[in-house]
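Subject: Structure handover

Hello,

Please find the structure below, with the sequence alongside. My notes on what was found follow it.

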Amino acid sequence: MSERVGTQGLFFNEPLLWERGSRGRSGMSLPRADVEPAPVDEDLVGNGPDIPDLSEPEVVRHYTRLSQWNFGIDSNMYPLGSCTMKYNPKTNEKQAARPGFAGAHPLLPSELSRGALQLMAELEQYLAEITGLDAATLQPAAGAQGELTGMLIMHAWFKHHDDRRSKIIVPDTAHGTNPASAALCGYRAVPAASGPDGILETAVIDRLMDDETAGIMITNPNTLGFFEENIKAIAQIVHRHGGLVYCDGANMNALMGIVDLAAAGVDILHLNLHKTFSTPHGGGGPGSGPVLVRKKLEPFLPVPRVVPDGKGWRLSDDFPLSIGKIHAFQGNFGVMVKAYSYIRSMGADLKRASQLAVLNANYLKERLKGVLHLPYDRPCMHECVFTDALQQPYGITTLDMAKRLMDYGFHPPTVYFPLVVKDALMMEPTETESRDDIDRFVEALEAVAKEAVESPELLREAPHVCKTERLDETEAARNPRLTG
Ligand SMILES: *Cc1c(COP(=O)(O)O)cnc(C)c1O
């Protein structure tokens with residue numbers, strides 16, 4: 001235990017500031033008053049605001065300790081599959097914090113926000129170049145909202161052509177938000193089962209696709225971490241019936257600069273800037289889920305759009321076929337600045353980042369094979385999926401192993417997702433982990449697997465050295481106790 005990465009021994013119990021304060025303490029020194037004190041109107045201020053009296057070190061330590069309870073990608077590896085929790089270079093945060101960007105008001109007229117508009121226009125072009133598509137909107141605030149935007153565009157396209165379609169094909173390896181987004185646009189999701197290799201078979205789509213079906217929502221790489229190798233043939237079938245191909249590209253971290261999705265037959269695509277492009281997923285802040293389309297669908301993109309004018313760029317609402325607004329103003333601009341800065345600083349190395357992400361995931365998969373059960377034993381993209389089948393004979397579940405990993409200082413992988421794999425543990429190391437760190441993670445999982453055999457009760461009660469013991473997750477979600 002002495003060599004492990006964990007954090008035991010440094011947890012402080014942290015009372016609320018109100019419980020800690022003591023009357024008369026102060027965190028600052030005011031200069032001596034050089035005027036006579038004047039009486040305060042008691043009716044106006046009463047007893048003053050309910051703020052505890054604390055010294056400066058008390059305040060500094062309080063917040064520093066609270067920050068240490070947090071686990072983030074700056075603390076250690078965060079192999080949460082489907083989320084791309086990679087290290088995000090600090091320079092991109094710095095660019096987003098520049099006063100010209102951070103202080104820009106979204107209602108500034110175009111003449112006074114040319115730089116911000118140029119950044120947005122160029123980011124749209126870069127994303128188009130990275131994916132192979134033609135035009136983009138940066139408005140949606142999340143991946144799921146990007147899907148909704150894409151579905152609205154699809155719906156508007158068919159309406160414009162007086163073509164009413166009621167269904168959409170959604171494979172069992174699609175992200176769970178996909179059928180929900182389709183349903184919000186009135187489409188009925190028709191499930192398509194993936195084949196024995198974990199990818200879609202052309203014949204299945206051939207059977208399901210008809211002239212009543214608007215198209216397909218295909219997650220690529222899919223939620224098993226596999227590239228949909230038949231996407232081109234599938235797109236041809238969908239197009240033959242007049243349908244459109246939507247691609248959920250939230251996991252573009254595997255494909256940057258490598259796959260031309262337009263050439264693969266994709267008509268509409270969303271990306272998650274808050275996964276691939278230098279904002280953490282679920283980082284507590286805003287996100288951005290741009291949508292990219294082929295030329296023929298460009299007129300339907302949300303307004304306002306950034307368009308060129310003689311002197312630079314301006315915003316325009318002059319797109320009569322547009323689906324309208326999806327988000328207040330232009331979307332979450334700070335996330336765009338980080339993505340822009342990331343793309344500019346990486347340049348052609350984006351491709352290498354994707355190659356390394358895929359290499360790291362395959363390395364992890366090969367090293368863990370046998371420690372955990374690997375349901376699909378074949379090359380993966382950016383993530384790999386295991387199950388607890390080898391540990392179940394000892395009464396140990398996916399959840400037990402995830403909780404125990406926290407004792408070893410690692411954020412647990414994604415658990416019980418994707419739904420196509422029972423009791424899944426889904427791991428995404430990303431390109432920013434070194435081989436040493438991946439090896440340490442593997443060693444931690446090897447130790448956990450050994451404990452599953454030798455001392456399963458240790459796992460069933462894990463975590464042991466975290467801030468809290470195992471929570472009743474339902475109770476914690478329904479009746480959270482927020483005061484310590
Ligand atoms: C993360 C993810 C989404 C949803 O993105 P949010 O920003 O969380 O709404 C959709 N599809 C896939 C494949 C994802 O991995």
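How many helices and strands does the chain have? There are 17 helices and 12 strands. Please keep in mind that this is a predicted model.

First, the chain overall. Its C-alpha trace spans about 85 × 70 × 40 Å along the principal axes. The chain has 484 residues, and 50% of them count as buried. Among the contacts with a separation of 6 or more, 71% come from residues 24 or more positions apart.

On the surface, the chain exposes about 23,600 Å², and carbon and sulfur atoms supply 54% of that area. As for charge, the chain carries 47 positive and 62 negative charges. The mean positions of these two sets are 3 Å apart.

One element is worth a separate note: helix 14, which runs over residues 398-407. This helix is mostly covered, with 8 of its 10 residues buried. The buried residues are T398, D400, M401, A402, K403, R404, L405 and D407, a list that includes the charged residues D400, K403, R404 and D407.

What covers the buried residues of helix 14? The cover includes two strands, strand 11 (414-415) and strand 12 (424-427). It also includes helix 15 (435-454), helix 16 (456-460) and helix 17 (473-478). After helix 14 comes G409, which has a positive phi, near 85 degrees.

Regards

How values were computed:
Residues numbered from 1 in each chain as written. Predicted model: local features only at pLDDT ≥ 70, side-chain atom pairs only at ≥ 80, totals over all residues. Heavy atoms only, no water. Helix = DSSP H or I, 4+ residues; strand = E, 2+ residues; numbered from the N terminus. Buried < 20%, exposed > 50% of the residue type's maximum accessible area, 1.4 Å probe, protein only. Contact = heavy atoms within 4.5 Å. Areas by Shrake-Rupley, 256 points an atom, 1.4 Å probe, with all protein chains shown as cover. Charge placed at Lys NZ, Arg CZ, Asp CG, Glu CD.
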